[in-house]
Amino acid sequence: MIDIKILLIVLYSDGMWTGLEEIGISSICSFLRQSGEDVRLIGTKVEKLDYNELLLFQPDFIGFVIYETSKNVVFHVAEKIKELLPACYLVAGGIYPTCVKEKLLEECPWFDYVITGEGEESFGLLLKAAGDPCAMDQVPGLIYRGHDGIHAHPQPGLLEDLNALPFPARDLLVDNQLKVAQISGSRGCTGRCDFCSSQLFRKKWIGRTPQNIGEEIETVHHRYGVHIFNFIDCSFEDPGVNYERVLAIADEIIRRGLVISFMANFRPSFYKKADDSLMSRLKEAGLLCGFIGIEAGNDEDLRQYNKRTTVVDNVKTFQLFARHDINVQPGFINFNPFSTMQTVEANYHFLDRYDFLNNMGLIANRYRMYPGTRLSVRVEKEGLLDAQESNMEIAYHFQDQRVEHLCRYIERLLTPHYSLFPLLSAIENYASMYRLVTAHYTNVYRKRLCMDAVDAVALYRAQSDTLLKKINGWISRWYGALIELAKDGWQESAADTITEKLLDKARLEDAVQNLNRMRNHLNKALISGHPELSIYVVSSF
């Protein structure tokens, strides 16, 4: 039997965050290893990809996970690899290939195969079927070139029992020295949001048992020293009939005596079935943040997205989490092709009400279009597709030109070459990510009965929150002025004047320096006060 060598690659491009694992390709890696295959998994930026190492390994198959943001980088690397290893099979998977399907083989002739949907079993079958058309036609989700054109299996690969899977490989966690481990406790979603790409993978929700999830968290925690976990499930409360499974997961963490923190996604309707007892149990287990998929601060947009929730639901779930001092971060789509100035203004007031304007990414965030989703079908039907835009996710026009001017201007400000970008990014990190880090500190130090450390964190939070609220006011006045300009008649030069006046660079620099100073002071206090617990301190984020 000939040994098959497989290399799985995550290529990070500009716009991709490198601080979290790619759990899908990590799961494929462990699945193939369990079958006895020789598999390597790497995650790197393109400029750091070592082609000499690749030549030494001499893989028979190379699999890439591809996003819209990374496709050009991946295509460039694929071309070079085919020059170096012409006999090596190149395989594409992930959200972008699942969306565009056969089109990917037309875009990039260097790829031999595309796997749509879930890739574990399909990739395993491909290893045996490659080169045999009859066998390849039986591989779920496989797309390949045949002598008579492109062949595509009509159904994506879908697993029936997630508990039977081995735990995902943690190569990326270890090699890239990541601070947060990803946990996938389920696949699919019981929601039916018209914009969401989850509907392209599977129509029905399927979940792992709380015991299986608890075992994975315990294994990763003890083996790799990880203390923070992020559930990537579409919504933590699924299947949603009741919240017994949510409670059972919390109980598993507590029963195992794990001093960890975790984050998870929730729907805005969570408050309808969640009571204070459940929230207390989640907090005891280590829940430090709920990512709430509110998506909008107005009911018109929520109807556009088929959210089946209202702004009142958003507020009540925020209140539920606030009562238990658990952070919330909103999933938010500020702009969509059907936005009006009224919906944009309503979104602005909602974000301002909760001091979320510090997170400039929320202001700039717009609908990401995935072909095949219900909202994308409507965009096409309304004649709003933009054939000149190369980015599939934003290849559309806005019905209201005023909204288009505003959206594109803000997007331009948040590009890396813009002078304020590093400052705005730093503020966004303090307003979002570092709030989660300090919530983690409070969780673990309280459980270790280090109340002086808990008090130090509380003092930092009070001081930083005061400054961040002030910054939110600056950004609010700036964004509010831009909205008024768009309503009265957009002028780019006037927008630049508003930005120069209200987003004062010197003032922002001073604010970021103060935030850095506060953070450094807190970290020093925690380490010097309890050096035996310094493993919990996150020096960077």
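**Group meeting: a sheet, a pocket and a helical span**

Helix 3, residues 71–84, lies across strand 1, strand 3 and strand 4 (89–93), and runs at about 170° to strand 3. Keep in mind that this is a predicted model.

Now the sheet itself. It is open and has 7 strands, in the order 2-1-3-4-5-6-7, with mixed pairing. Strand 2 (38–45) and strand 7 (149–152) are at the edges; each has a single partner strand, so one side of each is left without a neighbour in the sheet. From one strand to the next, the twist averages 20°. Helix 1, residues 23–34, also packs on the sheet, where it touches strand 1 (5–12), strand 2 and strand 3 (61–65). The direction of helix 1 makes about 160° with that of strand 2.

One pairing in detail. Strand 5 (residues 113–115) and strand 6 (residues 142–146) run antiparallel and are joined by 3 bridges. Tyr113 has Tyr144 in strand 6 as its bridge partner.

Next, the second largest pocket. Its volume is about 870 Å³. The lining has 34 residues, and Asp325, Ile326, Asn327, Arg435 and Arg461 lie nearest the centre. Elements giving two or more residues to this lining include helix 11 (276–285), strand 13 (287–295) and helix 19 (433–447). Helix 20 gives the largest share, 7 residues. By class, the lining of this pocket has 15 nonpolar, 9 polar and 10 charged residues.

Last, an annotation. An unreviewed UniProt entry lists residues 498–525 as "coiled-coil region". In the model, that span is 93% helix and 0% strand, with its end C-alpha atoms 40 Å apart.

Key. Residues are numbered from 1 along each chain as its sequence is written. This is a predicted model: local features need pLDDT of at least 70, side-chain atom pairs count only at pLDDT 80 or more; totals for chains, interfaces and linings use all residues. Side-chain values use heavy atoms; hydrogens and water are left out. UniProt positions are given in the numbering used here, feature names are shortened, and annotations may be inferred rather than shown by experiment. Helices (H or I, at least four residues) and strands (E, at least two) are DSSP runs, numbered from the N terminus. Two strands pair if DSSP finds at least two bridges between them. Axes are lines fitted to C-alpha atoms, for helices over the stretch in contact, and angles run from 0 to 180 degrees between N-to-C directions. Contact means heavy atoms within 4.5 Å. On a 1 Å grid over the protein atoms alone, a cavity is a set of points where a 1.4 Å probe fits but cannot get out, and a pocket is an open set with protein on both sides within 12 Å along at least five of seven lines; lining residues have an atom within 4 Å of a point. Grid points are joined across faces, edges and corners, and a volume is the space filled by probe spheres set on the points. Ala, Val, Leu, Ile, Met, Phe, Trp, Tyr, Cys and Pro count as nonpolar, Asp, Glu, Lys and Arg as charged, and the others, Gly among them, as polar.
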